[in-house]
Amino acid sequence: MMYTSTRNTALHVSAAQAIAQGISEEGGLFVPESFPVADLNAMLPLDYIGRARYVLSRFLTDFTAEEITQCAERAYAPEKFENDTPAKVVSLDAHGENKHMLELWHGPTCAFKDMALQILPHLLTRSMKKTADGKTAVILVATSGDTGKAALEGFKDVAGTEMIVFYPENGVSAMQKRQMDTQEGDNLCVCAIEGNFDDAQSGVKRIFTDSAVKAALARKNKMFSSANSINWGRLLPQIVYYFSAYLDLVQAGKIAMGDWINVVVPTGNFGNILAAYYAKRMGLPVQKFICASNRNNILTDFIRTGVYDRKRDFYTTISPSMDILVSSNLERLLFHLCGEDAGKLTAWMEALKNGGAYTVDADTANAVRALFWGGCCDDQKTVEVIRDVFARDGYLCDPHTAVAMGVYAQYTAETGDATPTVIASTASPYKFSDSVLDAFDCEKPDDAFEMAALLARLSGTKVPQPIAALEGKAIRFHNHSTADQMADFVLKQVGV
Ligand SMILES: *Cc1c(COP(=O)(O)O)cnc(C)c1O
């Protein structure tokens, strides 16, 4: 199995090289050159680790079976996740609907990013050994909140790695900020950026492709790598849980083997929903991908019109992990749907960079629309959804998951489609207690931990242990930078 770049198909690299490098030289993203077909019946009896080994081994043909087993067993060890399986499915079908929550937030940081970031360090360090032995990987992360903490936790004290996390100072929740600023580990640091997530992400992308900075690093026997969802090692593990959810539903008798499902994903950088699309390419019977956005609804517009236009206002919302105007992984989907034409992708991405917009050709736009349905949900509606879902289904969802549920309701109202549906539940409501409490009639306390305690009382659910444990931890990081000074900050941190 080899990988190529969305902007240069003359390139053929191994999985290890794609993972170690993170992003291709010319700025394109690594994509698999073909998709192996999965045998659902063979995967059915396996547990989560077994299913992960099954999927990973088909894409990581330059890894030994032993290496893949080690990676999967360390990442998804029972003590790291709250339940007996890392990706639990909770069916909300008491009222006759066929909808199922795929809970991806029972890991160490209470967000779905753990599903990939618990395994990425193992994949990355092995990839570095295969391709750049002896080099230290310097991992830069731009985060809208959840990635940062999950990456820090995954890479904490991993030998041969250093990590710098940038987050928008006013774009993350109090609990998310606390989670990052208290992070332990000797190989990492955290820095707040003046600006929004896109400023942080563009800053990281600029540093990645700056040849002067790269040369300075090389002299120290270091190289850049990425833990953002542009890294193939992030996407690949996410394919697993769509298979796992489907097979769990078959085992629970909720669907029959071979039945179609729809998938709803609260979407930001387009990584999670792209992993669902990759599962389909491997044979998972997914009919429709419902792409849910908050008020930053650039993807809704794109799916409906074929025009991607970032010349619009950026909104800070109560679902901050989806406050994004440039969804990087869309580039991969477009590559697959436009006939794998790197020339087209290069032109569109250049147009986006230089003019702030691009329009895909009619065939590609139709191919997107045949598979994807886009909808959006503003903050006020999101809070209503949290209230309604709790009242009706007894299910407490975080604002990101509520956006997905709100958009799913629009979808069924508009189409009447009653296909069994898996809804990605991407964060614990306790990461966003402040906003979730707005769905309850109550006086809100100021303190984040008192809010969590109140939410537990009102909802009859429990504060997850990783959040409760933050209360006693000291703030360790107070760094601050403008977007323009990020490169200098990096050079100073890595000792150049
Ligand atoms: C990151 C994140 C998302 C968006 O996922 P993408 O893969 O970036 O589309 C949605 N919800 C939560 C809670 C997240 O942390």
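**Local environments and ligand site**

Leaving aside residues up to four places away in sequence, S459 touches F390, L396, Y430 and F440. The structure described here is a predicted model. S459 belongs to helix α20, which spans residues 448–459. Its relative accessibility is 11%, so S459 counts as buried, the limit for that class being under 20%. The side chain of S459 also takes part in a polar contact. The partner is the side chain of T461, at 2.7 Å.

The ligand was examined next. It is surrounded by 15 residues. The closest are K113, D146, G268, N269 and T426. Two of these residues place side-chain N or O atoms by ligand oxygen atoms. For K113, the separation between such a side-chain atom and an oxygen atom of the ligand is 2.6 Å. For D146, the corresponding separation is 2.5 Å. G271 approaches through its backbone: an N or O atom there lies 3.2 Å from a ligand oxygen atom. Taken alone, the ligand exposes 380 Å². The protein buries 97% of that area. The ligand occupies the largest cavity.

Helix α4 covers residues 65–75 and contains E73. The relative accessible area of E73 is 44%, so this residue is partly exposed; the class lies between the 20% and 50% limits. I49 is 24 residues from E73 along the chain. In space, the C-alpha atoms of E73 and I49 are 6.4 Å apart. Other positions of α4 are buried, namely E67, I68, T69, C71, A72 and A75. An α-helix has 3.6 residues a turn, so residues three or four places apart point the same way. The buried residues of α4 are covered by elements that include α3 (48–59) and α6 (120–131).

L40 is found in helix α2, residues 40–43. This leucine is buried, because its relative accessibility is 13% and the class requires a value under 20%. Apart from residues up to four places away in sequence, L40 touches F243, Y246, L247, M257, G283, L284 and P285. P86 lies 46 residues from L40 along the chain. The distance between the C-alpha atoms of L40 and P86 is 19 Å.

F335 is located in helix α14, a segment running over residues 330–337. With a relative accessible area of 0%, F335 counts as buried. Its contacts, neighbours within four places in sequence set aside, are with T4, S5, T6, T9, V31, E340, D341, A342 and L345. The C-alpha atom of F335 is 33 Å from that of S428. Those two residues are 93 places apart along the chain.

One contact of F335 is E340. E340 sits in the loop between α14 (330–337) and α15 (342–355). It is not a glycine, yet its phi is positive, at about 55°. E340 has a relative accessibility of 34% and so counts as partly exposed. The buried F335 is thus in a helix, while the partly exposed E340 is in a loop.

D157 also has a positive phi, near 60°, in a residue other than glycine. Its place is the loop that links α7 (146–155) and β7 (161–168).

K311 lies in the loop between β12 (307–309) and α14. The relative accessible area of K311 is 54%, so this lysine is exposed; the class begins over 50%. K311 contacts G355, G356 and A357, once neighbours within four places in sequence are left aside. M223 is 88 residues from K311 along the chain. Their C-alpha atoms are separated by 34 Å.

The residues described above cover each accessibility class. S459 is buried at 11%, L40 at 13% and F335 at 0%. E73 is partly exposed at 44%, as is E340 at 34%. K311 is exposed at 54%.

Note on methods. Residues numbered from 1 in each chain as written. Predicted model: local features only at pLDDT ≥ 70, side-chain atom pairs only at ≥ 80, totals over all residues. Heavy atoms only, no water. Helix = DSSP H or I, 4+ residues; strand = E, 2+ residues; numbered from the N terminus. Buried < 20%, exposed > 50% of the residue type's maximum accessible area, 1.4 Å probe, protein only. Polar contact = N/O pair within 3.5 Å; in protein donor to acceptor, adjacent residues only side chain to side chain. Contact = heavy atoms within 4.5 Å. Near = heavy atom within 4 Å. Areas by Shrake-Rupley, 256 points an atom, 1.4 Å probe, with all protein chains shown as cover. 1 Å grid on protein atoms, 1.4 Å probe; cavity = no way out; pocket = protein on both sides within 12 Å on 5 of 7 lines; lining within 4 Å. Sits in = over half its atoms within 2 Å of the grid points.
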